[in-house]
Amino acid sequence: MSDIFNIFIRSVFIDNMVFAYFLGMCSYLAVSKNVKTASGLGMAVCFVLAITVPVNYLINKYLLQPGALAWLGDRFAQVDLSFLGLIIFIAVIAGMVQLLEMVIERYMPALYMALGIFLPLIAVNCAILGGSLFMQEKNFPTVAHSFAYAIGSGLGWLLAITAMAAIRERLKYSNIPEPLRGNGIAYIITGLMGMGFMAFLGI
Amino acid sequence: MKKYLGPLSKDNPILVQTLGVCSALAVTAQLKPAVVMALSVTVVCAFSNLIISLIRNTIPPRIRIIVQLLIVSFWVVLVDLFLQAYFYDISKLLSVFVGLIITNCIIMGRLEAFALSHKPWPSLMDGVMNGLGYGLVLVIVAFFRELLGSGTLWNYQVIPKALYQIGYLNNGLMILPPMALILVGIMIWIRGERKGVKE
């Protein structure tokens, strides 16, 4: 139990998607202009990660890993389908996003209005595919670990984009050198925030 | 020829369009992985552009995103297997970032914005040029990070040993992830200073 909690804390603060791995930077820079939309996108990312990472975990464990097909009988024990990993992961993500969009639209119209425009964008957010790939690399023992990792990474991303949006809202009132305005200063601030997050390394 | 040169500077994918930033920063601690990454992205971008452009009239618009993702991931798997076969140590170093080329927004962006509406040859050129524009930034960032961070270039010692003896130290900060962001920020600044601001 405690190592699940460890994975969770680690993925929020230390291995933060944005500051340590630069995943999802494109939408992070493009959508962090105001807090409301930023937190909406953050929530959507969190949601999709929490669903796709455990699903991909199960697929990886029972279909793709070398020797994963052993449950089908001895003849399949040698089969190694890991080269299909990338294609399957991206297909699962694209499919899941489409499915989620339809489910949310039907049953939770309020949430759909809040997330609506962001959901299709998420299929090509590197943070989502990155989550699945890191999950594969880290080799978690159970599906609960991968779920904790997914929720943690999602929350870390949400935290980063909301903080960034809050800072950028304030930035409008500050006097920045003309050529640096917009994206230039956004990169530098993200770098500084990343340095701040490195303080968590000791935990 | 001139119309293809835009992505190198005027419409640079990273500095101006803010596309494909994710992988750009993570692989730039050293020059070698950065160059390999740049070449991989160029290859994937060029050939998926070409294929999408060849079949652009037969793709049903509603499922085009999935078709594009599949074609891009086909090329990425090829590149990944190639790297694992011939450059195993670099492929270990790049780890998940080769896989992440699939979701690199430069590629999807070019497919959507260019390949779907242009003939194969211009699409191929557009893909190559955007890949190179992306690579240019990667190489510049990696050059400074490796030179100042470890005193080497392409794994060869550049800063002379004598300098270390009189007290020169490598700037460890350069190796850490945040410096990549700050370097790109500075590049945007310099670019903006020279070309005038476009917001």
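# Close-up views of a predicted two-chain model

**View 1. A buried aspartate in chain A and its partners.** A:Asp15 counts as buried, because its relative accessible area is 12% and the cut-off for that word is under 20%. In this predicted model, the side chain of A:Asp15 meets that of A:Arg10 in a salt bridge, with N and O 3.4 Å apart. A:Asp15 also forms a salt bridge with A:Lys138, where the closest N and O atoms are 3.3 Å apart. A:Asp15 sits in the loop between α1 (2–14) and α2 of chain A, while A:Lys138 belongs to helix α8 of chain A, so this pair ties together parts that lie 123 residues apart in sequence. The two partners are described by another word than the aspartate: A:Arg10 is partly exposed at 42% relative accessibility, and A:Lys138 is partly exposed at 32%.

**View 2. The network around A:Asp15, set beside a salt bridge in chain B.** What do the salt bridges that share partners join into one network? They join A:Arg10, A:Asp15 and A:Lys138. As general background, side chains of opposite charge can pair when their charged atoms come close. In chain B, the side chains of B:Arg110 and B:Asp126 meet in a salt bridge with a distance of 2.9 Å from N to O. This pair links distant parts of the chain, since B:Arg110 lies in helix α6 (residues 105–113) of chain B and B:Asp126 in helix α7 (residues 120–150) of chain B, 16 residues apart. Both B:Arg110 and B:Asp126 are buried. Over all chains, the count comes to three salt bridges.

**View 3. The area that chain A and chain B bury between them.** Chain A and chain B bury about 3,400 Å² between them, and 84% of that area is on carbon and sulfur atoms. A:Phe22, A:Pro179 and A:Tyr187 supply 22% of the area that chain A buries against chain B, which is more than any other three residues supply. The size of an interface is often given in this way, as the accessible area lost when the parts come together. Counted by residues instead, 40 residues of chain A are in contact with 41 residues of chain B.

**View 4. The side of chain A that touches chain B.** How many salt bridges are counted between chain A and chain B? The count is zero, and the count of residue pairs in polar contact between chain A and chain B, with both residues at pLDDT 80 or more, is zero as well. The elements that give two or more residues to this side of chain A are α2 (17–21), α3 (25–31), α5 (85–107), α8 (126–138) and α10 (183–197) of chain A. Of these, α10(A) gives the most, with nine residues. The residues on the side of chain A that touches chain B divide into 27 nonpolar, 10 polar and three charged.

**View 5. B:Ser73 and its surroundings.** B:Ser73 has its place in helix α3 (residues 64–86) of chain B. B:Ser73 is buried or exposed, and which of the two is it? B:Ser73 is buried, because its relative accessible area is 0%. The side chain of B:Ser73 reaches the backbone oxygen of B:Leu69 at 2.7 Å. Once its neighbours within four places in sequence are left aside, B:Ser73 is in contact with A:Ile87, A:Ile90 and B:Ile102.

**View 6. Two buried cysteines.** A:Cys126 counts as buried at 3% relative accessibility, and B:Cys45 counts as buried at 1%. A search of the whole structure finds zero disulfides over all chains.

**View 7. Chain A as a whole, for orientation.** The secondary structure of chain A comes to 10 helices and zero strands. The C-alpha trace of chain A spans about 70 × 45 × 30 Å along its principal axes. Of the 203 residues of chain A, 51% count as buried. Among the contacts in chain A with a separation of 6 or more, 75% are accounted for by residues 24 or more positions apart.

Key. Residues numbered from 1 in each chain as written. Chains lettered and ligands numbered in written order. Heavy atoms only, no water. Disulfide = S-S within 2.5 Å. Buried < 20%, exposed > 50% of the residue type's maximum accessible area, 1.4 Å probe, protein only. Contact = heavy atoms within 4.5 Å. Buried area = accessible area lost by both parts, 1.4 Å probe. Salt bridge = Lys/Arg side-chain N within 4 Å of Asp/Glu carboxyl O. Polar contact = N/O pair within 3.5 Å; in protein donor to acceptor, adjacent residues only side chain to side chain. Helix = DSSP H or I, 4+ residues; strand = E, 2+ residues; numbered from the N terminus. Nonpolar A, V, L, I, M, F, W, Y, C, P; charged D, E, K, R; others polar.
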